[in-house]
Amino acid sequence: MIDKSENINIWLIGNTGLRNPARIQDGFKVYASSPYVGKLHGHENELGFMGYLNSNGIIHNEAGKDSSGSHARKWRLMFARYGFIYDQYKGKDKYLQDLLGPVDEITPFGKIFLKADTVPAMQECFLRSLSVEQYALPDGTALFSPFRWILALMLRLEERTGSSELSRIEFALWGQTTNPTYDLDEVVDHILDLRKKRKASVAQKKFDRSVIRERGAHYSKKSDNFKDYCDMNMRYLRISGIIQRKGRGIVIVPSKRLIAEKMAKSTASDISIADELITLTTGAPLPTDDAEVALNVLNELKKILKDRHIVYDISDLPLNTAIEINIARRRLEELLFQTDEINYASEQKDKWREIAAYMELLIHGGGKKEYDEDYVIEVPKDEMPAYLEWTLWRAALAINHMVNKPYEVRGFRLDSDFFPVSAAGGGKGDLYCEFPDFTILTEVTMSSSSRQEAMEGEPVRRHVSDAVLAYDKPVYGLFIAIRVDTNTTETFRHGIWYAKGPVKQRLNILPLTLEQFRKYFIAMFQGNDVYPDRLVDLIECCEKERDRWDAPQWSEFINHRVNVYAAQIDHRES
């Protein structure tokens, strides 16, 4: 029987200073090429590595904001916790460090992680790490894996209710606060009791505050941690690829249910921490490393594709070994994800208000907008570049009429919930929107200083020039920033680029602030005038006037045209 007067502990599988685990790989790649490999301890090294992360665009540390090196320590903690570097062992056995490896050096598993060049490959690495039982029970008697425990809890919940779904408040109070010392069915009893009472409550926010206060009475730290740690912990659980978002809660991915069953474990391990750390740093086994299990998972996935009428062909692939079977499975998973992305794209026209709200958050430097307990949108401040690209990608999908696929439009990666993993890499444009009669290449940036022109002027013109040569139809450029520097406007006003030596091009690149684009975007939907031709109308109208004025006057004209269009819609509605 669970004693409600017990002292509550919340386990942490991530770090609130590094909330998005998908960013860890980008930071680790920077680390692997830095002079700090094997040298992440010590104040001087921490400050140095923090500066290195900042200069490589991984973090955005304002000058003088963090002089303690805490950013570096957070990244080091995650590198070690997931087995990518050797941790500094502080146990009684002084020989364990020699057994494991040199402090802060890259592990064999870390080298595998560096080669994970797709989201599924990266997720598999995290899945191996999450499966390792390296977390001590509160009494220190044994080790457990929070990931395995949560899987066991969700599967037991599914047995009793028909669904593995765990809501945010349920996870906050009875997921992350429990472990294998608890009876699984008693925990489910408490979850179902909470669910029943919450459903019957008139004011759910008030109800949530009261149950957090009640359970928090036996928690020695601030009660805000229940929700703050909950959001972070669920995000790290989802990076496994086995669990996905459902509202603000989580649910087991249907195609991965068999893997979940194999990995679920409600008991703790008596294996030594030394053996667990060796497993962690060399790469933990997965059920799909066994050919029979891998084939069963593949067959389950094939059933899902068949039920959804998704045509596939893996007849060219051998299925003799676990490796070969898993290659085939990943091909089908990619096909399933692409199909889901096409469905996601078709939904965006009905999400235009949410997209506009994301733009507003970006304009104001990030933050959160809460509609109700189950509907919250957020732009993390340290992920704004990725969210800017993602939001404008969604805007393009909402405008619709593209002939290329949604995954062909973007250059950035998505997670399994269609949120951005990181911003697109350099070397090509951000968003390629191909329509029947023209192509619009959209470039976005968070830069707003006088260096904006130096950073963006050359690559944007080069990317548009390359697109002009590649497409057998007119190509237009949109440059969108929170604030457009006048020097940037002047560069795009001229729009001159020499391609293939002496071939002179006059490019059509329209610079817009995000606020201007947002106003125009909203007006298109409010006026039921949602056609990509409207964007071309704006670009061509402004381009015709660019030789009449210098940059400041041209900027005023661009803003005037946006306002005229929005006013026409307002007048039509009134």
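Where is Asp104 found? I began with this residue and placed Asp104 in the loop between α4 (96-100) and α5 (108-114). I note at the outset that this is a predicted model, and I keep that in mind for every entry that follows.

**Entry on two loop residues.** I looked up the backbone of Asp104 and found a positive phi of about 70°, although the residue is not a glycine. This caught my attention because most residues other than glycine have a negative phi. I then asked about its surroundings: Asp104 has a relative accessible area of 2% and is therefore buried, the cut-off being under 20%. I turned next to Phe418, which is not a glycine either and has a positive phi of about 70°. Phe418 is found in the loop between β7 (413-414) and β8 (420-422), and at 10% relative accessibility Phe418 counts as buried.

**Entry on α14 and α15.** Two packed helices are described by the angle between their axes and the distance between the axes. For helix α14 (residues 291-307) and helix α15 (residues 322-347), I noted axes that come within 9 Å and cross at roughly 20°. Since angles under 35 degrees count as roughly parallel, α14 and α15 are therefore roughly parallel to each other. I recorded the crossing of α14 and α15 as left-handed. Which residues of α14 meet α15? On the α14 side I listed Ala291, Ala294, Leu295, Val297, Leu298, Leu301, Lys302 and Leu305, and these meet Ala322, Ile325, Asn326, Ala328, Arg329, Leu332, Glu333 and Leu336 in α15. Sorted by class, the contact of α14 with α15 has 12 nonpolar, one polar and three charged residues.

**Entry on α17 and Leu388.** I followed α17 (residues 384-399) from end to end: this helix has 16 residues and reaches 22 Å from its first C-alpha to its last, close to the 22 Å expected at 1.5 Å a residue. The helix is mostly covered, with 15 of its 16 residues buried, and just after α17 I found Asn400 with a positive phi of about 70°. Within α17 I picked out Leu388, and asked whether this residue is buried or exposed. Leu388 is buried, with a relative accessible area of 1%. Leaving aside residues up to four places away in sequence, Leu388 touches Leu362, Val444, Thr445, Met446 and Leu514. I also noted that Leu388 and Met359 are 29 residues apart in sequence and 7.7 Å apart in space, C-alpha to C-alpha.

**Entry on α21 and α22.** Leu514, which Leu388 touches, is one of the buried residues of α21, and I therefore went there next. Helix α21 (residues 514-526) has 13 residues and reaches 18 Å from its first C-alpha to its last, close to the 18 Å expected at 1.5 Å a residue. I found α21 mostly covered, with 10 of its 13 residues buried, including Gln516, Arg518 and Ile522. Asn528 follows α21 and has a positive phi, near 50°. The axes of α21 and helix α22 (residues 532-544) come within 11 Å and cross at roughly 140°, which makes α21 oblique to α22. The crossing of α21 and α22 is right-handed, and the contact is made by Phe517, Tyr520 and Met524 of α21 and Arg534, Leu535 and Leu538 of α22. By class, I recorded five nonpolar, no polar and one charged residues in the contact of α21 with α22.

How values were computed: Residues numbered from 1 in each chain as written. Predicted model: local features only at pLDDT ≥ 70, side-chain atom pairs only at ≥ 80, totals over all residues. Heavy atoms only, no water. Axes fitted to C-alpha atoms, helices over the stretch in contact; angles between N-to-C directions. Helix = DSSP H or I, 4+ residues; strand = E, 2+ residues; numbered from the N terminus. Parallel < 35°, antiparallel > 145°, perpendicular 65-115°, else oblique. Left-handed = near helix turned anticlockwise from the far one by under 90°. Contact = heavy atoms within 4.5 Å. Nonpolar A, V, L, I, M, F, W, Y, C, P; charged D, E, K, R; others polar. Expected span 1.5 Å × (residues − 1). Buried < 20%, exposed > 50% of the residue type's maximum accessible area, 1.4 Å probe, protein only.
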